[in-house]
Amino acid sequence: GFEPRINFRWTVDKHSSIKGGYMRNFQYIHLTSLSPTSLPTDVWLPSTDVLKPQFGQQWSIGYFRNFLDDMLESRLEVYYKNMKNVSEYKEGAQPQQTVNDNIDNLLVFGIGRSYGAELFVKKRIGTWQGWIGYTWSKTERRLDQINNGDWYPSRWDRRHDISIVST
């Protein structure tokens, strides 16, 4: 599939800029699972005439600024991603059913979305260096045959994520 990427950067002043971008991509291999946790029932499946490639579009924009003679770098970014052709097992599907049936027949398909904000501060100069990153995000799916067609949290939904690195 055609996968364009467009990025821009606008320099506000010597220490700050605004960056943004758009990307579109296809994924031709799918991770399917019968459980919200990683188990041996997780299966990677290639796209087929039934299991269409996943399609996603992502937009992002952020403000970047350096402080204290460029000793600290910071950024605040927001993003939104929509996804099509996401797949899940049908409700009530069992792993042993794949022995006697084509696995494509046990799947249902729908859409997904992910959005959030990221805050990042990094100390780049000096004996002690490191960074702190915080992300708030929401990842959801909607499949007509699951959860009455309402949005529900994806297996990869991580609302709050913080990383601290020091060297």
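**Exercise 1. Place Ile164 and classify its accessibility.**

Ile164 is found in strand β10. Strands are DSSP runs of E with at least two residues, numbered from the N terminus. Is Ile164 buried or exposed? Apply the cut-offs: buried is under 20% relative accessible area, exposed is over 50%, and partly exposed lies in between (1.4 Å probe, protein chains only). Ile164 counts as exposed because its relative accessibility is 63%.

Two notes on the model apply throughout. It is predicted, so local features need pLDDT of at least 70 and side-chain atom pairs count only at pLDDT 80 or more, while totals for chains, interfaces and linings use all residues. Residues are numbered from 1 along each chain as its sequence is written, and side-chain values use heavy atoms, with hydrogens and water left out.

**Exercise 2. Describe the nonpolar surface patch that includes Ile164.**

Step 1: fix the rule. A patch takes residues with over 30% relative accessible area and no salt bridge; like charges are joined within 9 Å, nonpolar side chains (Val, Leu, Ile, Met, Phe, Trp, Tyr) within 5 Å. A salt bridge is a side-chain nitrogen of Lys or Arg within 4 Å of a carboxyl oxygen of Asp or Glu.

Step 2: list the members. They are Leu76, Leu119, Val121, Ile132, Tyr134, Trp136, Ile162 and Ile164. Together they have about 740 Å² of accessible area (Shrake-Rupley method, 1.4 Å probe; for residues, only the protein chains shown count as cover).

Step 3: assign elements. Two or more residues each come from β7 (107-123), β8 (130-142) and β10 (160-166). The largest share, 3 residues, belongs to β8.

**Exercise 3. Find the polar partners of Lys123.**

Step 1: locate the residue. Lys123 lies in strand β7.

Step 2: check charge pairing. Lys123 is buried and has no salt bridge. Glu73 is the nearest side chain of opposite charge, 12 Å away. Here Lys and Arg count as positive, Asp and Glu as negative; His and the chain ends are not counted.

Step 3: look at backbone oxygens. That of Ile125 lies 2.7 Å from a polar atom of the Lys123 side chain. The backbone oxygen of Trp128 also lies 2.7 Å from a polar atom of this side chain.

Step 4: list contacts (heavy atoms within 4.5 Å). Neighbours within four places in sequence aside, Lys123 touches Met71, Leu72, Trp128, Gln129 and Gly130.

**Exercise 4. Examine phi at Asp69 and Asp70.**

Asp69 is found in the loop between β5 (54-67) and β6 (72-89). Its phi is near 55°, a positive value in a residue other than glycine. Asp69 counts as exposed, at 73% relative accessibility. Asp70 lies in the loop between β5 and β6. Its phi is positive, about 65°, although Asp70 is not a glycine. At 29% relative accessibility, Asp70 counts as partly exposed.

Notes
Helices (H or I, at least four residues) and strands (E, at least two) are DSSP runs, numbered from the N terminus. A polar contact is a pair of N or O atoms within 3.5 Å; within protein, one must be able to donate a hydrogen and the other to accept it, and residues adjacent in sequence count only if both atoms are side-chain atoms.
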